[in-house]
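This report introduces the structure shown below to a reader who has not met it before. It proceeds from burial and overall make-up to a sheet and to the aromatic rings.

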Amino acid sequence: MEELDVDTGRTSDTGGLRCLVTGASGYIGGRLVPELLEAGHRVRCLARTPGKLRDHPWSGDVEVVKGDVTDAASMTDAMRGIDVAYYLVHALGSGSGFEETDRRAARDFAEAAHAAGVRRIVYLGGLTPRGVPQGSLSPHLRSRAEVGRIFIDAPVPATVLRAAVVIGSGSASFEMLRYLTERLPVMITPSWVHTRVQPIAVRDVLRYLVGSAAMPGHVDRAFDIGGPDVLTYREMMRRYAAVAGLRQRLIVPVPVLTPRLSSHWVGLVTPVPASIARPLTESLRHEVVCQEHEIARYVPDPPGHPLPFDEALALALRRVRQAQVATRWSSAGLPGAPSDPLPTDPDWAGGSLYQDERQLTVQASREALWKVIEGIGGDNGWYSFPLAWAVRGWLDRFVGGVGLRRGRRDAERLRVGDSLDFWRVEEIEAGRLLRLRAEMRLPGLAWLEMYAEHDDEGRTSYRQRALFHPRGLFGHFYWWSVSPFHAVVFGGMARNITQAAAKGMSARGKNPHDERIRESASPGNKAG
C-alpha cells in the first residue's frame with residue numbers, strides 16, 4: 001500500500017508518481033510526457049484518438065486510454081489510480097460557446113479527480129494582466145483564468161501555472177514571431193507591438209510542470225511563470241532578427257489594425273491561421289508581466305534558468321534548422337476538422353463516395369518509392385502543378401482555413417497525427433501506406449492514400465487513391481466541378497512520384513531488381 005508524504009507530495013514506492021496527461025498529442029503535452037518519464041514517473045495519456053500517439057518515441061513507455069475531458073464517464077476511468085492529473089487542453093476554436101465548454105470540462109475534470117482520490121491537479125493557463133477587469137480580457141484569457149479558478153476552488157489541491165508567450169521550436173508564438181520577422185523586412189504593425197510581455201522558454205515551462213507534481217499537499221494556488229526578460233513585441237522581433245542573423249527590421253505601428261484585422265494579417269504572412277492567431281494577438285492588448293516568482297520556492301531554478309529570451313530563441317532556431325522539432329502548435333487536432341472514419345471502414349455506412357484511383361509500375365524498389373511518399377509535402381511539395389496547389393492553399397486561407405503553410409514537423413519522417421500542410425496523417429503502415437485526411441475547408445470529407453506495393457509479377461507498384469464524401473448538393477457540385485482537373489493534378493502527381501523514386505534509385509546507383517532480391521532475402525522474409 002502506497003502512502004503519500006504530505007511534506008514532499010511523493011508516494012513512498014520507488015516507482016515515482018502516477019500521472020495522467022491530457023492533451024498528449026498537443027504541443028506542450030507531447031513534450032511533457034518524456035520529461036515525466038525521465039523524472040521517474042509513470043504516465044497514462046488520455047486521448048480522443050489513441051492512434052495519434054502510436055508513433056511517438058515514448059508511446060511504448062506509457063499507458064494510453066481513450067477518452068475526452070468533455071465525457072465525464074471516460075474521465076472516471078482515466079483517473080483511477082492516478083496521483084497527479086495534468087490538464088493541458090482547451091476548447092478554443094471550437095465555436096462561439098468555447099467558454100462554456102471549457103467551464104464544464106474543467107468542473108467535470110475536478111470532480112472526477114476528487115472522486116478518484118487524485119492528489120494534485122496541474123494546469124497550464126495564461127498570464128493575465130494586473131488590474132484589468134475580467135470583462136475587458138480577451139475571451140481566450142478570460143476562459144483560461146476561469147478554468148484556473150475552478151481548479152483552485154475544487155477540493156483537490158491544484159497548481160495553476162500562468163505563462164504569457166512560450167518560446168520554443170514549433171510553438172505558435174515562436175512561429176508567429178519567426179515568420180513575421182523573416183518575411184517582412186518592413187512592417188506596418190498593430191499598436192500591440194508596444195505592449196510589454198514576459199516570454200518564457202518552453203524548457204522552463206516543462207521544468208515547472210514536472211516539478212509541480214511533487215509540491216507539498218498544502219499548496220493550492222496559482223503561480224506566474226516567465227523568463228528574465230520583459231520586452232515589447234517590437235523588441236522581440238528586433239532581437240529575433242539579431243539572433244537569426246537578419247538585417248534590422250523597420251517596424252511602423254499603426255492604431256487602425258484591430259485584433260481581428262491583425263489576426264488576418266498574421267494569417268496571411270505566417271503559417272498560423274487566423275483562428276489561432278486571433279487569441280494570440282488579442283492577448284497582447286494588455287501588458288502581461290509576472291507579478292511574483294514564488295514558483296522557485298517549490299521548483300528551484302538551476303543556474304542559468306529561467307533562460308534569457310535570446311538564448312531561448314537560439315535554441316529554438318537550432319532545433320528548426322536541425323529538423324529536431326519534437327512537437328508543433330499544429331500537432332493537436334484542428335478544432336472543427338473532420339473526424340469521421342474513412343468511408344471504407346466497417347463503422348461507416350451510407351452516402352455517396354467519389355474516388356480517383358491511379359496505379360503505375362515503378363522502376364525502383366519499394367524502399368525508394370516509400371522514401372518519396374513519406375517525404376511529400378512541406379518544402380518538398382506535392383509533385384504536380386505547384387500553382388494549382390498554391391491557389392488551393394490561398395483559397396483555403398481566404399475562407400479561414402489552414403492553407404498550405406503548416407508544412408511538416410520533420411523533413412523526412414511522418415507519424416500518425418502529424419499535420420502536413422492542409423492534411424493530417426491519419427494512418428501509416430511503414431513502407432506500404434500513407435493515408436492523409438483533409439483539413440482544408442471543403443463541402444464534405446476527403447482523404448488521400450498513397451501505397452508502395454508489389455504487383456503480381458513482383459514489380460514495385462505505386463497506387464494512389466483520392467476519396468471524397470460530399471456533404472449536401474454543393475458537395476456533389478464541388479466534386480464534378482473539379483474532376484476535370486484531376487488528370488492534371490492527381491495524374492501528374494502519380495507520374496512525378498514514380499519518376500522521383502526512379503531518379504532516387506539512379507542517383508544511388510542501384511538496380512531495382514537487385515533491391516527486390518535483397519528485400520526477399522532479408523531475415524524478416526525468410527520462411528520459418
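## Burial and overall make-up

A residue is called buried if its relative accessible area is under 20%, exposed if over 50%, and partly exposed in between. The structure described here is a predicted model. With a relative accessible area of 0%, Phe223 is therefore buried, whereas Tyr298, at 24%, is partly exposed.

In the protein chain, 53% of the 528 residues are buried. The chain holds 15 helices and 19 strands. It exposes about 23,400 Å², of which carbon and sulfur atoms supply 53%. Of the contacts between residues at least 6 apart in sequence, 73% join residues at least 24 apart.

## A sheet of six strands

Strands of a sheet pair through backbone hydrogen bonds, in either a parallel or an antiparallel manner. One open sheet of this model consists of six strands with antiparallel pairing, in the order β14-β19-β18-β17-β16-β15. Its edge strands are β14 (354–362) and β15 (419–420), each of which pairs on one side only. Strand β15 is joined by two bridges to the antiparallel strand β16 (residues 423–429), and Ser419 stands opposite Arg424 in β16.

Two helices accompany these strands. Helix α11 (residues 366–374) lies across β14, β16, β17 (433–438), β18 (444–454) and β19 (460–470), and runs at about 155 degrees to β18. Helix α13 (residues 472–482) also packs on the sheet, where it touches β14 and β19; its direction makes about 145 degrees with that of β19.

## Aromatic pairs

Two aromatic rings count as a pair if their centres lie within 6.5 Å. By this rule, the model contains 14 aromatic pairs. One of them is formed by Phe223 and Tyr298: the ring centres are 5.8 Å apart and the planes stand at 70 degrees, so the pair is edge-to-face. Phe223 lies in strand β11 (residues 221–224) and Tyr298 in the loop between α9 (274–282) and α10 (309–321), so this pair ties together parts that are 75 residues apart in sequence.

Ring pairs also link Tyr354, Phe468, Tyr478, Trp479 and Trp480 into a cluster.

## Charges over rings

Which residue lies over the face of Tyr208? This position is taken by Arg207, at 4.5 Å from the ring centre. Likewise, the charged end of Arg463 sits over the ring of Tyr451, 3.9 Å from its centre.

Conventions
Residues numbered from 1 in each chain as written. Predicted model: local features only at pLDDT ≥ 70, side-chain atom pairs only at ≥ 80, totals over all residues. Heavy atoms only, no water. Phe/Tyr/Trp six-rings, centres within 6.5 Å; stacked < 30°, edge-to-face > 60°. Helix = DSSP H or I, 4+ residues; strand = E, 2+ residues; numbered from the N terminus. Buried < 20%, exposed > 50% of the residue type's maximum accessible area, 1.4 Å probe, protein only. Lys NZ or Arg CZ within 6 Å of the ring centre and 35° of its normal. Pairing = 2+ DSSP bridges. Contact = heavy atoms within 4.5 Å. Axes fitted to C-alpha atoms, helices over the stretch in contact; angles between N-to-C directions. Areas by Shrake-Rupley, 256 points an atom, 1.4 Å probe, with all protein chains shown as cover.
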